[in-house]
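Trainee: I'd like a close look at one part of this model, the small sheet in one of the chains. Could you walk me through it slowly and then show me what lies around it?

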Amino acid sequence: MKKHRLVIAALLGVVLLAAMTAFASAKPAKKSVSGSINIVGVWTGDEEKSFNAVLDGFRKANPDVKVSYKSTGDNTPTVLATAVAGGKPPDLASVSQPGLVNDFQKKGALKNLDYARGTLNANYPADIAKIGVIKGHVYGLLIKGANKSTVWYNVSAFKNAGVKAPLTFPAFVRGANTLKSSGVPAFSVGGADGWTLTDLFENIYLRQAGPDKYDKLSKHTIKWTDASVIKALKTMAPLLQGGNLAGGTSGALQTDFPTSVSNVFTKKPKAAMGIEDDFVPDVVASKNALKPVSGYNVFPFPAIGRARNYVEGGGDELMAFKDTPAIRALVKYLATGKAQTIWAKRGGYTAPAKTVSASVYPDEITRTTASAVGKAKVFRFDLSDLQPASFGGTVGQGEFKLFQDFLKNPSNVTGIARQLESAAAKAYKAGK
Amino acid sequence: MVAAPPSGEPGVLRRNAVAIGFLAPAAFLLIVMVVYPTIYTIIRSFFGKDAHEGFLPSGSFAGIDNYKALFTTSILVTAIKNSAIWILVAPAAVTAIGLVFAVLTERISWAVGFKAIVFMPMAISLFATGVIWHVMYIKDPSQGAVNAAIGAVKSWVTPPGALSTASPSTPALTGSPQTGYVLQKPISAGGTALMGLTAIPPTDVPSGAKQVVPPQPKQGAVTGVVWRDFKPGGGVVGKPEQGELGLPGVHVKLSDSSGKVVQNTTTGDDGSFTFDNVGSGTFKPGIAASTFAAPFAGISWLGSSLITPSVIIAYIWVWAGFAMVVIGAGLAAISREVLEAARTDGATEWQVFRRVTVPMLAPVLSVVFITMLINVLKVFDIVISIAPGSTQSDAAVIAVQMWRQSFGGVNDFGLGSAIAVFLFLLVIPILLLNVRRFRREV
């Protein structure tokens, strides 16, 4: 009996030891072999298919390079943070938060993309080419752009009120009042999602205060209590008065982004306009009763003063954790108009490259919104995305929360500015 | 456990080899998956956001800054307060409601069906429950079921007016939707009144409305018109124009200089009205408030002030079934004779419940209560899925902020760890209580 037990114990010990060694050696250190590239990124579904179509162009030209793309969707930041901490990052990654590029650059995890400078300068507008530049080196490359300076409207609501798509901000405000008198609130605001509000502020701020101030505010070298911020908030406040909003103030605060879109894109609209991003039609595509152009349409965010053709935008950036000849070739390829044309033709895409011709976009609406990015006189990245995440990118705190408070009480301009400043100061301090 | 070793037996290690062999896999897993991460989290909570993660964290040592932040940042303090509300309300409410249900189901004939229905929410994931309740709580009564029900009752009591969205087009009409609108400038017999309204959707204009006609003065009478003072482009405010429609069926009243209503009428198809033989003096025509009675706009269940109670209600809805079943099992185990004895001694039903049933159920009740306490401390998914973005921070509890500060955008593992440690400290006393109970029962 005793012997028996000993044998079992010994056996167990051996098994355990074997298991432990197996565990320890399960993941042999993988050397990035020239000739194979793995990419992780935010694109899923149709976007994933389209990106693979773009990669196919590269695969055809470089049959010896094995390129694989894995979608990590919304979890990308977590996946990357874990992979980098574990010492096994992917070769390339696409992210929608430029703050991540900064974070990883600061941690020394990124390889610079200076080798793609020539391609960038040849294909990108100057404002977009410099987006991923940190301390004089290129670390991020905008691959998929987004135009956030778009206003969507219900054509028949505009017709009933006799309002035309406005070109200037005063005409925009006048139009909003006329729409209100016609019996339909001017705006549907997705106030439950804070970014819809920060985008509106940023559009006003970029045009009113100008790109220099915008850059300074995005680096927090001027304060949120600056006169220019106060002025922009005061310009924004009249738009957010309860009577202008579908569902009034408290309704708007509980309206999420998709609902705010369908409020406008229906036959009996609850509001005439939505001040939102270029992907709006995709949001309601499946259940949309209205046809593009004749039922709903889009106009660029109206000019303030002389600031015409200004675009506030965003997009997904590519960053590299490794540097091999194969990776260099792929990065350069992705920055060309040729590669981006493949995606543009498939739709749901805004090319950051100016070398993509407007005619390749599949429909009129996309042509309007997408080509505005390449043609922009001034292009600036979404300001809240450039902030530390605790201030500019977290639900329920920082900018999102405070702009929702502003929507709740648009007359409290100085109070909100003060709170924005103190939240920003705190976030910048913690980030260091 | 083993008595003094008989002489001649193998050494300590060999004697315990079997025990070690059997314990090792579990111990190994425990150390790797529980002990090490716990220690790591505790240490990590003293480091800043940018610390380097390794076997142990290094760089950017922060001391107790994270703990300071936990008790000084307003949204984190809100989360702590909310957790306190949850702890005070939810376990007690779940236990009480479960008890009531359990006792009631003993007395109804369709107990099985009732139990099945009350227990059913347990089969739904908390996240899905949250989504369901979020939709039911939506403020717009045309979307949210809860407000639709309240709205149906309310509009039955006070029906909404025909032109509930309308407002005056010029300041000449004063008042509010609650009091109705009155022409500010008094007029006398032979005068005309222009009462333009705006903000009326084309679909709200009553059918049969005709082109508005400017009112003509009439001897001894007050004439006027109520019309939709809007045409595409806006038109001239305060002037009846071609392309603008009169509003038929609007209830108009005429008050004299003392404010007393002397005549009532309704407007015709072109919006016109006439008050004949008004006599001398000055008058103010006005539109009755009932025209503007707003339909029920909905209660802001998801707004900042009601969000925590709203989430707790949804949570109780889920867990009441669990409490009912457990307490019901305990109830079934109570000896009927004791209850009968009490009744024979002349106790009322309430006394039997209060003095016999509840004390005998005490062990079961405390199991339910403690289980719910622990459950409430880690409540997470239902909060995230019910609260819209604008009230996420008003609804957040400790576990939600632990996730949000570490993974939900901020990526500050230091602060996240500090919140986790705080939560851990809160759970410990309850765990100890539970362990002690188990010991006693064994």
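Trainee: To get going, what is the order of the three strands in the open sheet of chain A, and in which sense do they pair?

Mentor: Happy to, and keep in mind that this is a predicted model. The strands run in the order β8-β7-β9 in chain A, and the pairing is antiparallel. As a bit of background, strands in a sheet are joined by backbone hydrogen bonds, in either a parallel or an antiparallel way. With this order, β8 (273–275) and β9 (296–300) of chain A end up at the edges; each has a single partner strand, so one side of each has no neighbour in the sheet. The strands aren't lined up perfectly either: neighbours in this sheet are turned against each other by 25° on average, direction ignored.

Now zoom in on one pairing. Strand β7 of chain A, residues 150–154, is joined to β9(A) by five bridges in the antiparallel sense. If you want a spot to put your cursor on, try V151(A), which sits opposite F299(A) in β9(A). Then look for what covers the strands. Helix α12 of chain A, residues 257–264, lies across β7 and β8 of chain A, and its direction makes an angle of about 150° with β8(A).

While you have chain A open, two loop residues are worth a stop for their backbone angles. K135(A) has a positive phi of about 50°, though it isn't a glycine. You'll find K135(A) in the loop that links β4 (133–134) and β5 (137–138) of chain A. K135(A) counts as exposed because it has 7 C-beta neighbours inside 10 Å, and the cut-off for exposed is 12 or fewer. H220(A) is another non-glycine with a positive phi, this time about 60°. The loop that holds H220(A) runs between α9 (194–219) and α10 (227–236) of chain A. H220(A) has 18 C-beta neighbours inside 10 Å, so it counts as partly exposed.

Last, pull back to see both chains. Their contact takes 43 residues from chain A and 39 residues from chain B. On the chain B side, the elements giving two or more residues are α2 (17–44) and α12 (392–395) of chain B. The largest share of that side, five residues, comes from α2(B). Sorted by class, the side of chain B that touches chain A has 17 nonpolar, 15 polar and seven charged residues. Mind the labels as you click around: the α12 that lies across the sheet strands belongs to chain A, while the α12 on this side of the contact belongs to chain B.

Methods. Residues are numbered from 1 along each chain as its sequence is written. Chains are lettered from A and ligands numbered from 1 in the order in which they are written. This is a predicted model: local features need pLDDT of at least 70, side-chain atom pairs count only at pLDDT 80 or more; totals for chains, interfaces and linings use all residues. Two strands pair if DSSP finds at least two bridges between them. Helices (H or I, at least four residues) and strands (E, at least two) are DSSP runs, numbered from the N terminus. Axes are lines fitted to C-alpha atoms, for helices over the stretch in contact, and angles run from 0 to 180 degrees between N-to-C directions. Two residues are in contact if their C-beta atoms, placed from the backbone, lie within 7 Å. Ala, Val, Leu, Ile, Met, Phe, Trp, Tyr, Cys and Pro count as nonpolar, Asp, Glu, Lys and Arg as charged, and the others, Gly among them, as polar. A residue is buried if 20 or more other C-beta atoms lie within 10 Å of its own, exposed if 12 or fewer, and partly exposed in between; C-beta atoms are placed from the backbone.
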